Amino acid sequence: MLPSRSLGRTGLAVSCVGLGGGALGELDATAADRLVGRALDLGVTLFDTARSYGPSEDHLGAALASRASRAIVVTKGGYGADGAADWTPDAIARGVEGARRRLRRDAVDVFLLHSCPRGTLEGSGVVEALVREREAGRVRFAGYSGEGDALAWAAERPEIFDVLECSLGVFDRANEALARAAAERGQGVLAKRPLSNAPWRFAERPERGDVATYWDRMRALGLDPAPLAWDELAVRFAAHAPGVASILVGTASEGHLARAVEGVARGPLPVELAERARGAWEARCGGAPGVI
Ligand SMILES: NC(=O)c1ccc[n+]([C@@H]2O[C@H](COP(=O)([O-])OP(=O)(O)OC[C@H]3O[C@@H](n4cnc5c(N)ncnc54)[C@H](OP(=O)(O)O)[C@@H]3O)[C@@H](O)[C@H]2O)c1
C-alpha cells in the first residue's frame, strides 16, 4: 500500500505519490478515466489539476465521481473564468464556482493561485478573494503554486496559504530549504516536476524550454545514477526530500506511474548516491532557480 502523509496542518492525508493532471487534459475521456482508475488502484489518493490543463478538471471530476472516490483534488486558477478579467477577485469567485462544477464537488479540496507574480499576490485582491472562498466553505484549503519571490511571499504567510506547490527534483533543488521550513510552519508542500521532465530520454537538446533547461543541468552535473535507473533516482529523491508531503508525477502512462509508486516505496536514496548528487549540484548548478 502506498503510504499517506499529512498535508501540513490541513488534516488531509495524501498519498506520497500524486498524479499530476497536466497529461490528463491531453487524453480523451476514456483514456483519462482508465489512467485515474489505475492510479486509484495503485493507492494514489491525490490528484493535481488546473484550469489551464484543457479538459483535465472535467476528466478528473467524471472519473472520480463514477467511482465515488474520496480522493483529494488540488486545482489552480486565477484566470480563465467566464465573464471575469484574469487575476481579479471576480476571477477567483467565478473560477472556484467553475472548478466545483467541473470537479463535481461541493467544495474544492485545495485551490491554488497559479503562478502569478508577487505583485499580483500583493496588489490585486485575489488573495483576499480566495480567503473569502475558504471562509464560505467553497474551498477547503488555499495555496500558491509557483516559484521565486512570489512563492517565498506565500511561504511567509502560513495563515493564508495552507498549501504550497513548487518544483523540487534532482535537477531542480532551489526550493529544498523553503520546503523544509514551510512544512515546519505547518504548510503542506507538494513537489511539482519531480522527474524534472525526464531529460535523460533525449539524445539531443530538446526544443521545449523547460525540458532543455533540465537537459542542460543534467549534462552539467555529470551524475551517474547507478545503481539506480534515472527515474527511480528522481522520484526517490523528490518524494523523500524533507518537508515534501507528496510528489506530483506528470504522466499519461500507467506504467510510468506504477514505476514511480514502486520506486518511492523503496525509500530515500542510498546515502552514497544522495551525497554524490548533492555534491554535483553544489559544485555545478548551485544557485540555479526553480523552473516555473
Ligand atoms: N506552475 C505549476 O503550477 C506547475 C508547473 C509544472 C507542473 N505542475 C504540476 O506538476 C505535474 C508534474 O509536472 P511535469 O509533468 O511538468 O513534470 P514531471 O512529472 O517531472 O515529468 C513529466 C514527464 O516525464 C515523463 N515521465 C514520467 N515518468 C517517466 C519515466 N518513468 N520514464 C520516462 N519518462 C517519464 C512523462 O512522460 P509520460 O507521459 O510518457 O510518462 C512526462 O513527459 C504536472 O502534471 C502538474 O500537475 C504544476
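Which residues line the largest cavity? In this predicted model, the lining of the largest cavity consists of Arg 51, Glu 57, Thr 75, Lys 76, Gly 77, Gly 78, Tyr 79, Ala 91, Gly 95, Ala 99, Arg 102 and Phe 111. Two elements, β5 (72-77) and α3 (89-103), give two or more residues each to this lining. The largest share is that of α3, which provides four residues. Divided by class, the lining of the largest cavity holds four nonpolar, four polar and four charged residues. The space in the largest cavity amounts to about 50 Å³, and the count of cavities of 30 Å³ or more comes to one.

The open sites were examined next. The largest pocket holds about 1000 Å³ of space, and the ligand sits in this pocket. The lining of the largest pocket comprises 42 residues; those nearest the pocket centre are Arg 193, Asn 197, Val 249, Gly 250 and Thr 251. At least two lining residues are supplied by each of α8 (209-221), α9 (230-239), β10 and α10 (254-265). Among the contributors to the lining of the largest pocket, α10 gives the most, with five residues. In terms of class, 15 of the lining residues are nonpolar, 13 are polar and 14 are charged.

The ligand itself is surrounded by 26 residues, of which Asp 48, Ser 145, Leu 195, Thr 251 and His 256 come nearest. Thr 251 is thus listed both among the residues nearest the ligand and among those nearest the centre of the largest pocket. Strand β10 (residues 244-250) makes the largest contribution to the shell around the ligand, with three residues. The shell is made up of seven nonpolar, 12 polar and seven charged residues.

Several polar atoms of the protein lie at short listed distances from ligand atoms. In the case of Ser 145, a polar side-chain atom is placed 2.6 Å from an oxygen atom of the ligand. The side chain of Asp 231 has an N or O atom 2.9 Å from a nitrogen atom of the ligand. For Arg 193, a polar backbone atom is found 3.5 Å from an oxygen atom of the ligand. On its own, the ligand has 900 Å² of accessible area, 84% of which is covered by the protein.

The second largest pocket contains about 230 Å³ of space. Its lining is formed by 13 residues, with Ser 69, Arg 70, Ala 71, Arg 104 and Arg 105 nearest the centre. Helix α2 (residues 56-66) gives the most to the lining of the second largest pocket, namely three residues. This lining includes six nonpolar, two polar and five charged residues.

Two features of the backbone were also noted. Most residues other than glycine have a negative phi, and most peptide bonds are trans. Arg 104, which is not a glycine, nevertheless has a positive phi of about 60°. Arg 104 belongs to the loop between α3 and β6 (108-114), and this residue is also one of those nearest the centre of the second largest pocket. The peptide bond that joins Ala 226 and Pro 227 is cis, with omega about 10°. Pro 227 is located in the loop between α8 and α9, and these two helices each supply at least two residues of the lining of the largest pocket.

Definitions and conventions
Residues numbered from 1 in each chain as written. Predicted model: local features only at pLDDT ≥ 70, side-chain atom pairs only at ≥ 80, totals over all residues. Heavy atoms only, no water. Near = heavy atom within 4 Å. Polar contact = N/O pair within 3.5 Å; in protein donor to acceptor, adjacent residues only side chain to side chain. Areas by Shrake-Rupley, 256 points an atom, 1.4 Å probe, with all protein chains shown as cover. 1 Å grid on protein atoms, 1.4 Å probe; cavity = no way out; pocket = protein on both sides within 12 Å on 5 of 7 lines; lining within 4 Å. Sits in = over half its atoms within 2 Å of the grid points. Nonpolar A, V, L, I, M, F, W, Y, C, P; charged D, E, K, R; others polar. Points joined across faces, edges and corners; volume = space filled by probe spheres on them.
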